[in-house]
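Trainee: I'm new to this one. Could you walk me through it, a question at a time?
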Amino acid sequence: MEFKFFLPTRVFFGNDAVSKSAEYLKQLGKRCLLVTGRFSSKRNGSLDDITDVLKKNNIAYEIYDEVEENPSFETVETIGKKAKEMGADFLIGIGGGSAMDSAKAGAILAMNDIDVADLWTKNLVNKPLSVCAVPTTSGTGSEVTQYSVLTNRKKKSKRGFANEQIFPVISCLNPGYTLTMNDFLTINTGIDALSHAVEGYLSKRASPLMDKIALKAIGLIRDHLPLVLQNPKALEKRSQMMYASMLAGIVIAHTGTIILHGMGYPLTTYLSIPHGRANGMLMCGVLEMIRPSRKEKVARIAECFGKENGDLGGLEAFIKGFGIDTMEYRKKVTKKMLEEFADFASKTSNIRNTPGVITEKNIRDVYLEEFT
Ligand code: NAP
Ligand code: FE
């Protein structure tokens with residue numbers, strides 16, 4: 001057996017997660033840039049909790065509250081500049097993956113005079129500022145990963161980069177912040193977490209330890225996502241989803257995501273389908289594509305959803321049960337578009353983690369199957 005394990009994030013989980021992190025936050029410096037979206041963190045209590053702790057500990061802060069969904073190169077450039085101008089010692093990303101990922105990229109750009117596109121290629125001269133993360137969705141796991149996913153709007157291209165120096169140093173997970181999520185967001189983010197667990201389990205970089213965590217996350221999501229939708233204010237069920245999302249994040253921090261994430265990105269950039277939902281639409285098709293090289297593992301996933309002999313019908317019903325379907329997009333999608341999607345996906349780095357030999361044609365066939 002051979003594996004590596006690295007997770008440098010100090011996690012606080014529970015109702016008082018933010019206040020409990022104070023003694024560690026204090027050690028990060030005297031000036032902080034808060035990075036968040038326009039509305040949600042003001043409504044779910046997370047921004048107030050953070051600013052209270054910062055005030056109590058005499059940490060000066062400024063707020064950048066214009067992060068959009070699928071953050072752009074321009075947004076993270078602005079964040080980097082702002083952090084530099086105010087002399088920030090650290091950043092706190094508060095919100096969904098978009099806010100946390102923006103804080104991570106901004107932390108690098110504040111300290112390194114590089115273009116955003118260089119985040120994928122250049123070795124950094126200077127250590128990024130420290131990043132803290134306060135998730136308010138249960139989906140991306142960005143609070144425990146070294147990834148940041150950014151969109152180049154001009155090129156219609158969405159890609160993630162990895163850098164161990166942007167692992168959040170502190171993450172505060174208070175499930176209470178997720179109580180304000182509507183059903184649509186709860187579903188899309190929950191399926192993103194499922195996708196991380198499934199992809200991590202199938203990844204070429206999977207390990208026995210990560211397999212255990214991935215299967216745990218799959219079971220938690222299978223059991224709790226429907227319950228959260230039945231009773232959106234049930235804090236204990238929301239807690240289980242936040243826990244599952246974090247576990248799935250720990251998995252992909254070690255295994256990476258596979259071609260499913262690479263194939264989902266164009267659905268978001270071209271068709272504005274939310275990230276997790278896009279993965280949900282393609283999940284069973286991708287599992288079928290991978291089956292020849294991971295027969296037992298695909299069967300194990302099928303079993304998690306109540307079916308024997310590798311029958312993915314249970315997983316498919318689970319996903320479709322949330323109204324995730326390609327039907328409404330079939331008329332909008334042209335053959336040329338699907339070719340562009342396949343061309344893009346076949347060049348993503350996610351393919352390196354994908355078991356078997358996956359060709360552009362295999363990828364195109366999955367898109368065709370799901371969208372025509
Ligand atoms: P998001 O794009 O961060 O947020 C989606 C929407 O949800 C926003 O409108 C946001 O509003 C709202 N929102 C956030 N928290 C809420 C709450 N508690 N109640 C009500 N509304 C809330 O969504 P996400 O799915 O969490 O993140 C997706 C991004 O993360 C994508 O770019 C994806 O590619 C990336 N991702 C990153 C990783 C990683 O490891 N880094 C992994 C997977 C995915 P406001 O704008 O007002 O806040
Ligand atoms: Fe994801």
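Mentor: Sure, starting with a term: donors are N, O and S atoms within 2.8 Å of the metal (3.2 Å for Na, K and Ca), and since water is not among the atoms, sites may look incomplete. This is a predicted model, where local features need pLDDT of at least 70, side-chain atom pairs count only at pLDDT 80 or more, and totals for chains, interfaces and linings use all residues. Residues are numbered from 1 along each chain as its sequence is written, chains are lettered from A and ligands numbered from 1 in the order in which they are written, and side-chain values use heavy atoms, with hydrogens and water left out.

Trainee: How are the donor residues of the iron ion (ligand 2) spaced in sequence?
Mentor: The iron ion (ligand 2) is held at 2.1 to 2.2 Å by Asp192 through OD and by His196, His261 and His275 through NE2. Read along the sequence, the spacing of those donor residues is D-x3-H-x64-H-x13-H.

Trainee: How far apart in the chain are His196 and His275?
Mentor: Helices (H or I, at least four residues) and strands (E, at least two) are DSSP runs, numbered from the N terminus. His196 sits in helix α7 (residues 183–202) and His275 in helix α11 (residues 275–290), so this pair links distant parts of the chain, 79 residues apart.

Trainee: Why is the arrangement around the iron ion (ligand 2) called irregular?
Mentor: Four donors count as tetrahedral if all angles lie between 85 and 135 degrees; four count as square planar and six as octahedral if opposite donors are over 155 degrees apart and all others between 65 and 115; anything else is irregular. Here the arrangement is irregular because the four donor atoms subtend angles of 80 to 163°.

Trainee: In which order do the six strands of the open sheet come?
Mentor: Two strands pair if DSSP finds at least two bridges between them. β1 (10–13) and β3 (60–67) each have a single partner strand, so they stand at the edges. The pairing is parallel, and the order is β1-β8-β5-β4-β2-β3.

Trainee: Which residue in β3 is the bridge partner of Leu33?
Mentor: Strand β2 (residues 31–37) pairs with β3 in the parallel sense over six bridges. The partner of Leu33 in β3 is Glu62.

Trainee: Is Thr36 buried or exposed?
Mentor: Thr36 is part of strand β2. Buried means under 20% relative accessible area, exposed over 50%, and partly exposed in between (1.4 Å probe, protein chains only). Thr36 has 0% relative accessibility, so it counts as buried.

Trainee: How many residues of β6 are buried?
Mentor: Strand β6 (residues 147–152) runs antiparallel to β7 (residues 157–162), and six bridges join them. Tyr147, Val149 and Thr151 point one way and Ser148, Leu150 and Asn152 the other, yet all are buried. For β6, then, the number buried is six of its six residues.

Trainee: Which helix gives the most to the largest nonpolar core?
Mentor: A nonpolar core is a set of buried Ala, Val, Leu, Ile, Met, Phe, Trp, Tyr and Cys residues joined through side-chain atoms within 4.5 Å. Of the 66 residues in the largest one, Leu194, Met263, Leu267, Leu315 and Tyr367 touch the most other members. With ten residues, the helix that gives the most to this core is α8 (residues 208–230).
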